[in-house]
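I opened this model to look up its pockets, its cavities and one of its sheets. The entries below are in the order in which I made them.

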Amino acid sequence: MTSVPPKIVLTDVHKSFGPKVVLDGINLSVARGESVVVIGGSGTGKSVMLKCILGLLRPEHGSIRIDGEEVVGIRARERDQVMRKFGMLFQGGALFDSLKVWENVAFGLIQGQRMARAKARDIAFDKLAQVGLSAASGNLFPSELSGGMQKRVALARAIATNPEIIFFDEPTTGLDPIMADVINSLIVKCVKDMGATALSITHDMASARKIADRIAMLYKGQLIWVGPAKDIESSGNPFVDQFIHGREQGPIQMELRA
Amino acid sequence: MTNLLAAIGRVFIAFLSQIGRVSAFTALAVSHTVRPPFYPRLLLRQMVEIGYYSLPVVGLTAIFTGMVLALQSYSGFARFSAEGAVATVVVLSVTRELAPVLAGLMVAGRIGASMAAEIGTMRVTEQIDALTTLSTNPFKYLVSPRLLAGTLMMPLLVLIADIIGVFGGYIVGVYKLGFNSATYISRTWEYLEPLDVISGLTKAAVFGFMITLLGCYNGYYSRGGAQGVGAATTNAVVSSAIMILVFNYLITALFFGQ
């Protein structure tokens with residue numbers, strides 16, 4: 001067990017945009033099959049952290065290892081290999097609006113893995129059924145679906161290639177509480193079924209409690225608290241307490257100036 | 001005074017860095033266009049979009065240009081009794097100059113704008129990031145088919161515009177100005193050289209490349225929601241229109257400058 005390296009390891013990751021420091025030394029390790037949720041306010045750099053791991057942004061400093069392999073600054077071809085391990089659920093869904101729903105779900109199979117369309121289509125409809133969508137909706141375009149259904153399609157697309165690691169960027173944002181819970185349950189089910197490693201970012205505490213094995217809190221570019229999800233209520237950390245209870249008063253002062 | 005100099009310097013530096021970024025984008029786009037994987041379906045769709053759906057607007061532009069050219073040169077040349085040159089003037093002006101430039105400007109408005117808007121929207125809704133996470137290179141998937149289609153289809157469009165433009169001149173010449181049909185046609189061919197048409201088609205290929213390149217570039221780097229996409233669209237059209245006029249001169253100088 002000890003010989004297996006953790007799935008994702010971030011060591012001292014720094015990223016800034018001009019003078020604005022967004023990530024200021026992030027250290028985080030995610031074990032195989034584990035679900036870690038990073039919480040934090042808007043604009044604390046949660047998305048930037050995810051995009052650094054995905055290679056969409058390049059950190060100035062620090063190391064990011066996937067399965068023990070360094071991914072910061074690797075060549076495009078090796079990046080493609082690493083990318084095959086990933087699935088990602090984007091905040092706004094990021095569905096391709098020029099493609100039908102099933103083509104969206106099958107995209108990674110057809111374009112990424114060069115699978116035959118007919119076979120990919122079958123898998124796509126399987127995945128759609130898995131997230132509770134009928135075959136009829138597979139032939140619609142994303143704009144014809146409601147927000148909750150679009151989220152489900154995006155989830156189906158994220159899991160279509162059976163990725164080893166799945167990232168969830170604010171999976172419940174913009175959904176009503178019931179649909180949010182449906183999505184949370186689907187995430188838990190899909191991740192557990194596939195034995196995948198999950199890294200999510202959210203500011204929705206109900207979602208965090210439901211899908212997380214461990215929770216980490218990001219504040220001012222650093223992870224100020226990391227611990228098991230059940231300990232979040234008794235963290236003893238005033239920043240965490242203020243955040244999870246959503247209080248205006250506390251050590252975290254909202255910067256009202258841009 | 002120093003402020004003024006600083007302002008000029010800033011504008012100049014911004015201009016140079018813009019040129020640098022466009023050049024880097026161009027190099028990347030071209031290198032991805034010539035390396036597999038290729039997307040023939042997408043290329044075909046773009047070729048239809050650029051070549052076929054631009055036909056009405058380019059055809060209308062060409063026919064009226066040819067017509068007005070015949071009318072103008074007739075009344076102008078009548079002052080020194082050179083009415084006989086109308087057919088020659090029409091065919092040379094249209095093939096060398098007016099068909100490529102006017103078709104280029106029309107296509108810049110039609111295609112450049114729509115490409116910038118489409119790719120820009122994909123950027124701000126994270127669809128371009130989604131492509132990357134689905135193991136698909138956005139340059140190969142989005143930029144290359146457009147670039148190739150633009151470069152291939154513009155010469156074809158301009159060839160058609162040449163024919164329609166000359167036909168427009170013929171209609172006015174024969175039915176309004178009283179030229180003999182056979183004489184007009186023989187005058188049209190008499191002084192026309194292959195290089196006149198070839199230079200026009202060369203211009204068309206360069207313009208097609210410029211229009212699609214700047215459409216993709218502005219869309220790809222658009223920022224900040226609807227406003228950013230709007231700005232990208234404007235920039236795409238304005239910059240490609242200017243590039244068309246600049247390169248029109250340069251290519252003309254290359255072909256016919258002594």
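These are my notes on a predicted model, starting with the open spaces and ending with a sheet in chain A.

**Largest pocket**

I began with the largest pocket and read a volume of about 1,800 Å³. I then listed its lining, which comes to 50 residues; Gly55(A), Thr132(B), Asn137(B), Pro138(B) and Tyr220(B) are the closest to the centre. Both chains appear among the elements that give two or more residues: from chain A, helix H1 (46-54), helix H2 (76-83) and helix H3 (101-112), and from chain B, helix H1 (2-33), helix H4 (86-124), helix H5 (127-133) and helix H6 (138-175). I asked which element gives the most to this lining. H2(A) does, with six residues. Sorted by class, I have 23 nonpolar, 12 polar and 15 charged residues here.

**Second largest pocket**

I noted a volume of about 660 Å³ for the second largest pocket. Its lining holds 24 residues, and nearest the centre I found Gln18(B), Val22(B), Leu214(B), Tyr217(B) and Ser239(B). H1, helix H8 (194-220) and helix H9 (225-256) of chain B are the elements with two or more residues in this lining. H9(B) gives the most, eight residues. The class split I wrote down is 14 nonpolar, eight polar and two charged.

**Cavities**

How many cavities of 30 Å³ or more does the whole structure have? The search finds two.

The largest cavity has a volume of about 90 Å³. I found residues of both chains in its lining, including Met83(A), Arg84(A), Arg157(A), Thr133(B), Leu134(B) and Ser135(B). Strand E6 (86-89) and helix H6 (147-159) of chain A each supply at least two lining residues. By class I have four nonpolar, six polar and two charged residues.

The second largest cavity is about 60 Å³ in volume. Among its lining residues I listed Val58(B), Thr61(B), Thr65(B), Leu98(B), Leu102(B) and Ala161(B). Helix H3 (55-77) and H4 of chain B are the elements that give two or more residues, and H4(B) has the largest share, five residues. I counted eight nonpolar and two polar residues in this lining, and no charged ones.

**Record for chain B**

I looked up the unreviewed UniProt entry, which lists residues 50-71, 156-177, 197-220 and 232-256 of chain B under "transmembrane region". I checked two of these stretches in the model. Residues 197-220 of chain B are 100% helix and 0% strand, with the end C-alpha atoms 34 Å apart. Residues 232-256 of chain B are also 100% helix and 0% strand, and there the end C-alpha atoms are 35 Å apart.

**Sheet in chain A**

I traced an open sheet of six strands in chain A, in the order E6-E7-E8-E3-E9-E10, with mixed pairing. Which strands are at the edges? E6 and strand E10 (222-228) of chain A are, as each pairs on one side only. The twist averages 15 degrees from one strand to the next.

Within the sheet I followed one pair: strand E3 (residues 35-39) and strand E8 (residues 197-202) of chain A run parallel and are joined by five bridges. Ile39(A) stands opposite Thr202(A) in E8(A).

Last, I returned to H6(A), which I had met at the largest cavity. H6(A) lies across E6 and strand E7 (165-169) of chain A and runs at about 175 degrees to E6(A).

Conventions
Residues numbered from 1 in each chain as written. Chains lettered and ligands numbered in written order. Predicted model: local features only at pLDDT ≥ 70, side-chain atom pairs only at ≥ 80, totals over all residues. Heavy atoms only, no water. 1 Å grid on protein atoms, 1.4 Å probe; cavity = no way out; pocket = protein on both sides within 12 Å on 5 of 7 lines; lining within 4 Å. Points joined across faces, edges and corners; volume = space filled by probe spheres on them. Helix = DSSP H or I, 4+ residues; strand = E, 2+ residues; numbered from the N terminus. Nonpolar A, V, L, I, M, F, W, Y, C, P; charged D, E, K, R; others polar. UniProt positions renumbered as here; feature names shortened; annotations may be inferred. Pairing = 2+ DSSP bridges. Axes fitted to C-alpha atoms, helices over the stretch in contact; angles between N-to-C directions. Contact = heavy atoms within 4.5 Å.
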